[in-house]
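Dear colleague,

I am handing over the structure below, together with some notes on what was found in it. Please read the notes with the coordinates open beside them.

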Amino acid sequence: MKRKTLFVLTWVSTIVLILCWVLPTNAFNEFYRNGLRGHSTFHYEFTRTLMRGAGFSPELAEQIAVTNQAVDSVNFTGYTGTNVRLRKTLRQGQYSTLGF
């Protein structure tokens, strides 16, 4: 690799890392469209897209994504009305099932 290219890539990478560190990120509760509750775009949106890209049917991709989101929020309903509610799980904090 040429020195100039390596120098430019190093600077660009450094700037990106600094911006990622300095700028506030909020990967949870950022989408509220279509009447959905706040949810993790990684656990729901990205998983659904990844499953579709892997060749799963839209229905199965939605079921997998909703289940993945339910791990965080205990109860979640996706865009198509698919709902997953986890029961008898020991949760603590905001989504506690024990009333903490």
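Is G38 buried or exposed? G38 is buried, with a relative accessible area of 12%, where buried stands for under 20% relative accessible area, exposed for over 50% and partly exposed for the range in between, with a 1.4 Å probe and protein chains only.

Before the details, a word on provenance. This is a predicted model, in which local features need pLDDT of at least 70 and side-chain atom pairs count only at pLDDT 80 or more, whereas totals for chains, interfaces and linings use all residues. Residues are numbered from 1 along each chain as its sequence is written, and side-chain values use heavy atoms, with hydrogens and water left out.

Overall layout

The protein holds 3 helices and 2 strands, and from the N terminus on these elements follow the order α-α-α-β-β; helices (H or I, at least four residues) and strands (E, at least two) are DSSP runs, numbered from the N terminus. Of its 100 residues, 23% count as buried. The accessible surface comes to about 7500 Å², and 63% of that belongs to carbon and sulfur atoms, the areas being obtained by the Shrake-Rupley method with a 1.4 Å probe, and for residues only the protein chains shown count as cover. Among contacts (heavy atoms within 4.5 Å) with a separation of 6 or more, 25% are between residues 24 or more positions apart.

Helices α2 and α3

Helix α2 covers residues 41–53 and bends by about 30 degrees at T47, the bend at a residue being the angle between axes fitted to the seven residues ending there and the seven starting there. The buried residues of α2 are T41, Y44, E45, T47 and M51, and they pack against α3 (58–73) and β1 (75–77). Just after α2, G55 takes a positive phi of about 100 degrees.

For α3, the length offers a simple check: at 1.5 Å a residue, its 16 residues should span 22 Å, and the end C-alpha atoms are 22 Å apart, which agrees; the expected span is 1.5 Å times one less than the number of residues. The buried residues of α3 are A61, E62, A65, V66, Q69, A70 and S73, and their cover includes α2, β1 and β2 (83–85). Just after α3, V74 has a positive phi of about 70 degrees.

The nonpolar core

The largest nonpolar core is made up of Y44, A65, V66, A70, F76 and V84, 6 residues in all, and its largest share, 3 residues, comes from α3. A core here is a set of buried Ala, Val, Leu, Ile, Met, Phe, Trp, Tyr and Cys residues joined through side-chain atoms within 4.5 Å. In soluble globular proteins, nonpolar side chains tend to be buried together.

Salt bridges

Which residues are linked in a network of salt bridges? They are E45, R48 and E62, and the structure holds 2 salt bridges, each defined as a side-chain nitrogen of Lys or Arg within 4 Å of a carboxyl oxygen of Asp or Glu. In one of them the side chains of E45 and R48 meet at 3.4 Å, N to O, and both residues lie in helix α2, 3 residues apart, about one turn of the helix. R48 also forms a salt bridge with E62, with the closest N and O atoms 3.9 Å apart. R48 lies in helix α2 and E62 in helix α3, so the pair ties together parts that are 14 residues apart in sequence. As for accessibility, E45 is buried at 9% and E62 is buried at 3%, whereas R48 counts as partly exposed at 23%.

Pairs separated along the chain

G38, introduced above, is found in the loop between α1 (3–22) and α2. Its C-alpha atom is separated by 9.3 Å from that of S73, 35 residues away along the chain. S73 lies in helix α3 and is buried, with a relative accessible area of 4%; the C-alpha atoms of S73 and H39, 34 residues apart along the chain, are separated by 7.8 Å. Towards the other end, R87 is found in the segment after β2 and counts as exposed at 66% relative accessibility, while R87 and V74 are 13 residues apart in sequence and 7.7 Å apart in space, C-alpha to C-alpha.

With best regards
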